[in-house]
Amino acid sequence: MKTIITAAIIATATLTATVSNAGTYSYCKSFSGLIEVVAEARDVGVAASTTYQHGINSGLSPNMVTQMIQSVYVDGVSLSPEVLRGVSFQVCMGEKA
């Protein structure tokens, strides 16, 4: 299970990096999807350090990966993946508007 979730982190991180300039809605939708996948990985025991390395290897900036880990593993540690997806989408849309 960890391998499947870790592969999803890599695929979603790559997608997010690719669409980051495609538009506000598309970017925020992809980014919030990434946050949800990372939270699912967190919930099955994938360490923050593993998530960080996969994010960097996928081409995300260290700043973005650090913010993602802060959101999922620290600030949102008690929140479900679905809730984190919704919150991150709303915050992203607010920042991009």
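Glu 36 and Arg 85 form a salt bridge in this predicted model, with their closest N and O atoms 2.9 Å apart; the term salt bridge is used here for a side-chain nitrogen of Lys or Arg within 4 Å of a carboxyl oxygen of Asp or Glu. The pair links distant parts of the chain, since Glu 36 belongs to helix α2 (residues 24-43) and Arg 85 to helix α5 (residues 81-96), with their positions 49 residues apart in the numbering. Helices are DSSP runs of H or I with at least four residues, strands are runs of E with at least two, and both are numbered from the N terminus. Glu 36 is buried, with a relative accessible area of 14%, whereas Arg 85 is partly exposed at 34%. In these terms buried means under 20% relative accessible area, exposed means over 50%, and partly exposed covers the range in between, as computed with a 1.4 Å probe on protein chains only.

By the salt-bridge rule the count comes to two, and the other pair consists of Asp 43 and Arg 42, whose side chains meet at 2.8 Å, N to O. Side chains of opposite charge can pair when their charged atoms come close. Here Asp 43 is partly exposed, with a relative accessible area of 47%, while Arg 42 is buried at 11%.

The model is a prediction, in which local features require pLDDT of at least 70 and side-chain atom pairs count only at pLDDT 80 or more, whereas totals for chains, interfaces and linings use all residues. Residues are numbered from 1 along each chain as its sequence is written, and side-chain values use heavy atoms, with hydrogens and water left out.

**Overall arrangement**

The protein contains five helices and zero strands, and its pattern along the sequence reads α-α-α-α-α. Buried residues make up 38% of the 97 residues. Of the contacts with a sequence separation of 6 or more, 69% are accounted for by residues 24 or more positions apart, where contact means heavy atoms within 4.5 Å.

**Helices α2 and α4**

The axes of α2 and helix α4 (residues 62-75) come within 10 Å and cross at roughly 55 degrees; these axes are lines fitted to C-alpha atoms, for helices over the stretch in contact, and the angles run from 0 to 180 degrees between N-to-C directions. The two helices are therefore oblique to each other, because angles under 35 degrees count as roughly parallel, over 145 as roughly antiparallel, 65 to 115 as roughly perpendicular, and the rest as oblique. The crossing of α2 past α4 is right-handed, meaning that the near helix is turned clockwise from the far one by less than a right angle, with anticlockwise giving a left-handed crossing.

On the α2 side, Tyr 27, Phe 31, Leu 34, Ile 35, Val 38, Ala 39 and Arg 42 meet Met 64, Met 68, Val 72 and Tyr 73 of α4. The residues of this contact divide into ten nonpolar, no polar and one charged, with Ala, Val, Leu, Ile, Met, Phe, Trp, Tyr, Cys and Pro counted as nonpolar, Asp, Glu, Lys and Arg as charged, and the others, Gly among them, as polar.

**Residues within the helices**

Arg 42 lies in helix α2, and, leaving aside neighbours within four places in sequence, Arg 42 is in contact with Val 72, Tyr 73, Gly 76, Val 77, Leu 79, Pro 81 and Leu 84. Pro 81, in turn, is found in helix α5 and touches Glu 36, Ala 39, Glu 40, Arg 42 and Asp 43, not counting residues up to four places away in sequence. Thus Pro 81 touches residues of both salt bridges, including Glu 36 of one pair and Arg 42 and Asp 43 of the other.

Cys 92 also has a place in helix α5, and with the same exclusion of neighbours within four places, Cys 92 is in contact with Tyr 27 and Cys 28. Val 65 is found in helix α4, and its contacts beyond four places in sequence are Thr 51, Tyr 52, Gly 55, Ile 56 and Leu 60. The table sets the burial of these residues beside a C-alpha separation for each.

| Residue | Relative accessible area | Partner and C-alpha separation |
|---|---|---|
| Pro 81 | 7%, buried | Val 37, 7.2 Å |
| Cys 92 | 5%, buried | Lys 29, 8.8 Å |
| Val 65 | 0%, buried | His 54, 9.2 Å |

Along the chain, Pro 81 and Val 37 are 44 residues apart, Cys 92 and Lys 29 are 63 residues apart, and Val 65 and His 54 are eleven residues apart.
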